[in-house]
Amino acid sequence: MTNDVSFFQYVCLAFQGIGMLHRFVIFSGGAAGVNLLAGQVLYGGLGLSDGWQYGFSVAVAFLCGMAVSFVLNRRFTFPASGREARREVVDFFFVSLGGLALTSALAQLFFFHATGFLRALAALAPVAPSTETLAHVLAVGLTAIYSFLAHKYVSFRPGWALSGADAPGERGGR
């Protein structure tokens with residue numbers, strides 16, 4: 001008898017030992033990479049960067065990253081909710097839009113009202129990033145906390161959590 005483990009099973013086993021927050025950061029970070037890559041393909045490779053095309057490219061890239069984040073976090077980060085996937089998708093979409101708004105607002109706040117702090121922070125880095133980059137990084141980092149909690153308690157909440165019913169004894173895996 002052999003103990004063959006598929007690559008997919010191996011990945012599942014490997015991530016079981018990592019905490020939920022760590023898995024969220026890993027998979028959401030990968031999704032952010034997809035977002036940036038899709039944007040680069042659209043506005044960098046295909047030239048969709050004039051006027052409204054740039055905003056369109058960024059929006060499509062955001063949706064690509066969000067889709068990857070949903071699939072990976074639903075599969076590997078959060079326990080099965082028992083809710084219909086389409087309801088999770090709708091909640092995920094609105095939580096993600098909230099995260100986008102929060103990131104934008106925080107980045108603007110840091111960039112326009114904390115430039116002295118950002119310059120001091122940049123001076124501590126081995127390679128001095130721009131204040132725009134630091135404001136963006138700080139905003140993304142703070143928004144990650146909101147996103148994790150909102151996806152945990154809204155997007156992937158257990159189906160019984162809002163109904164007042166007793167929790168089921170065992171919820172099926174995905």
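Let's start with Thr77, which sits in helix H3, the stretch covering residues 52–77. Keep in mind that this is a predicted model. Thr77 has a relative accessible area of 2%, and since anything under 20% counts as buried, Thr77 is buried. What does Thr77 touch, once residues up to four places away in sequence are set aside? The list is Met20, Arg23, Phe24, Phe27 and Leu72. Val25 belongs in this picture too: 52 residues separate Val25 from Thr77 in sequence, yet their C-alpha atoms are 9.5 Å apart in space. Within H3, the side chain of Thr77 also makes a polar contact of 2.7 Å with the side chain of Asn73. An α-helix has 3.6 residues a turn, so residues three or four places apart point the same way.

Now follow the rest of H3. Thr77 and Asn73 are both on its list of buried residues, along with Ser57, Ala61, Phe62, Gly65, Met66, Ser69, Phe70 and Phe76. How does the span of H3 compare with what its 26 residues should give? At 1.5 Å a residue the expected value is 38 Å, and the end C-alpha atoms lie 36 Å apart, so the two agree.

Next, move along to H5 and H6. H5 runs over residues 115–124 and H6 over residues 131–155. Their axes are 9 Å apart and they pack at an angle of about 95°. Angles of 65 to 115 degrees count as roughly perpendicular, and therefore that's the label for H5 and H6. On the H5 side, the contact uses Phe117, Leu118, Arg119, Leu121 and Ala122, while H6 brings Thr131, Leu134, Ala135 and Leu138. By character, that contact breaks down into seven nonpolar residues, one polar and one charged.

Thr131 deserves a second look. It is placed in H6, and with 18% relative accessibility Thr131 falls under the 20% cut-off, so it counts as buried. Beyond its neighbours within four places in sequence, Thr131 contacts Phe111, Leu118 and Arg119. Leu118 and Arg119 are also among the H5 residues that meet H6.

Finally, zoom out to the whole chain. How many helices and strands does the protein chain have? There are six helices and zero strands, giving the pattern α-α-α-α-α-α along the sequence. Of the 174 residues, 29% are buried. As for contacts with a separation of 6 or more, 68% of them come from residues 24 or more positions apart.

Note on methods. Residues numbered from 1 in each chain as written. Predicted model: local features only at pLDDT ≥ 70, side-chain atom pairs only at ≥ 80, totals over all residues. Heavy atoms only, no water. Axes fitted to C-alpha atoms, helices over the stretch in contact; angles between N-to-C directions. Helix = DSSP H or I, 4+ residues; strand = E, 2+ residues; numbered from the N terminus. Parallel < 35°, antiparallel > 145°, perpendicular 65-115°, else oblique. Contact = heavy atoms within 4.5 Å. Nonpolar A, V, L, I, M, F, W, Y, C, P; charged D, E, K, R; others polar. Buried < 20%, exposed > 50% of the residue type's maximum accessible area, 1.4 Å probe, protein only. Polar contact = N/O pair within 3.5 Å; in protein donor to acceptor, adjacent residues only side chain to side chain. Expected span 1.5 Å × (residues − 1).
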